[in-house]
Amino acid sequence: MTATRVGIGFTATALAGGVAAAVKRDTTRALDRAVRRRIPPRRSPRTTAGAKGVSFLAGPHIHPAVAALLGIVLRVERGRGGYGPSAASVGAWAVDNAARIFVHQKRPPKAGPHHSRYRYAYPSGHTTAATAIGVATAAAIADDLPRSQRILLWSTVGAFALGVGWSRLYLDEHWLDDVVGGWLAGTVIGLGAASLDARLS
């Protein structure tokens, strides 16, 4: 399982770098706009409210607390470790801020007001954090579960990460490449955080 995770980590790192380079060179603009036309932002008030709720759970003021709570649960249940989710939360914050120093993609037209580095869109910090924390948490317990439960666990993590990514598109806060970059970066961060947790346990 470790070799598989290392392979996934290297692949996601390479893809994330490629997406960041493409965004920096502005070669993804046509695709971004095509997807935005297919997912018209904020069309339905009810759907907009749902998207805001999903996004809230992965927001920068919420995900550190969620990660800490998950870590406590892991430590109580396993009797060790539990550092992975918080490490993933910190890693997601660091990557989100560092990437905006180098990649200056403007946000979509209906995005809310953002200041300083956060006026730039790449990557989606919400998506990065949701993916990273989910992957770190799942990786900590997946090996102890039977195959059917592992599939359910990883499917749940994937569904939540997809949901957060969709919410950022629907709210017009990010372009598709911002969200894809967040998924990829979050995967790398989550696997790295899980590996760190395993070493410290």
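A nonpolar core is a set of buried Ala, Val, Leu, Ile, Met, Phe, Trp, Tyr and Cys residues joined through side-chain atoms within 4.5 Å. Buried means under 20% relative accessible area, exposed means over 50%, and partly exposed lies in between (1.4 Å probe, protein chains only). Helices are DSSP runs (H or I, at least four residues), numbered from the N terminus.

The model is predicted: local features need pLDDT of at least 70, side-chain atom pairs count only at pLDDT 80 or more, and totals for chains, interfaces and linings use all residues. Residues are numbered from 1 along each chain as its sequence is written, and side-chain values use heavy atoms, with hydrogens and water left out.

**Exercise 1. List the residues of the largest nonpolar core and find the helix that gives the most to this core.**

Step 1. The largest nonpolar core has nine residues: Ala 67, Ala 88, Ala 92, Ala 129, Ala 132, Ile 133, Ala 136, Ile 189 and Ala 193.

Step 2. At least two residues of this core come from each of α5 (84–102), α6 (125–141) and α8 (176–200).

Step 3. Helix α6 gives the most, with four residues.

Step 4. A second, separate core has seven residues, including Ala 12, Val 19, Val 23 and Val 103.

Step 5. Take Ala 132 from the largest core. Not counting residues up to four places away in sequence, Ala 132 touches Ala 88, Ala 92, Gly 186, Ile 189 and Gly 190; contact here means heavy atoms within 4.5 Å.

As background, nonpolar side chains tend to be buried together in soluble globular proteins.

**Exercise 2. Describe the surroundings of His 63 and of its polar partner, Ser 89.**

Step 1. His 63 is in helix α4 (residues 63–78), and Ser 89 is in helix α5.

Step 2. His 63 counts as buried because its relative accessibility is 7%. Ser 89 is also buried, because its value is 5%.

Step 3. The two side chains make a polar contact at 2.8 Å. Such a contact is a pair of N or O atoms within 3.5 Å; within protein, one must be able to donate a hydrogen and the other to accept it, and residues adjacent in sequence count only if both atoms are side-chain atoms.

Step 4. Beyond four places in sequence, His 63 is in contact with Leu 57, Ala 58, Ser 89, Ala 129 and Ile 133. With the same neighbours left aside, Ser 89 is in contact with residues including Pro 64, Ala 67 and Ile 133.

Step 5. From C-alpha to C-alpha, Ser 89 and Ala 129 are 5.9 Å apart in space, while 40 residues separate them in sequence.

**Exercise 3. Decide whether Ser 55 is buried or exposed, and list its contacts.**

Step 1. Ser 55 lies in helix α3.

Step 2. Its relative accessible area is 5%, so Ser 55 is buried.

Step 3. Leaving aside neighbours within four places in sequence, Ser 55 is in contact with His 126, Ser 167, Arg 168 and Leu 171.

**Exercise 4. Find the backbone features of Pro 123, Asp 26 and Ser 116.**

Step 1. The peptide bond from Tyr 122 to Pro 123 is cis, with omega near -5 degrees. Pro 123 is in the loop between α5 and α6.

Step 2. Asp 26 is not a glycine, yet its phi is positive, near 65 degrees. Asp 26 lies in the loop between α1 (2–24) and α2 (29–38).

Step 3. Ser 116 is likewise not a glycine and has a positive phi of about 55 degrees. Ser 116 is partly exposed because its relative accessibility is 47%.
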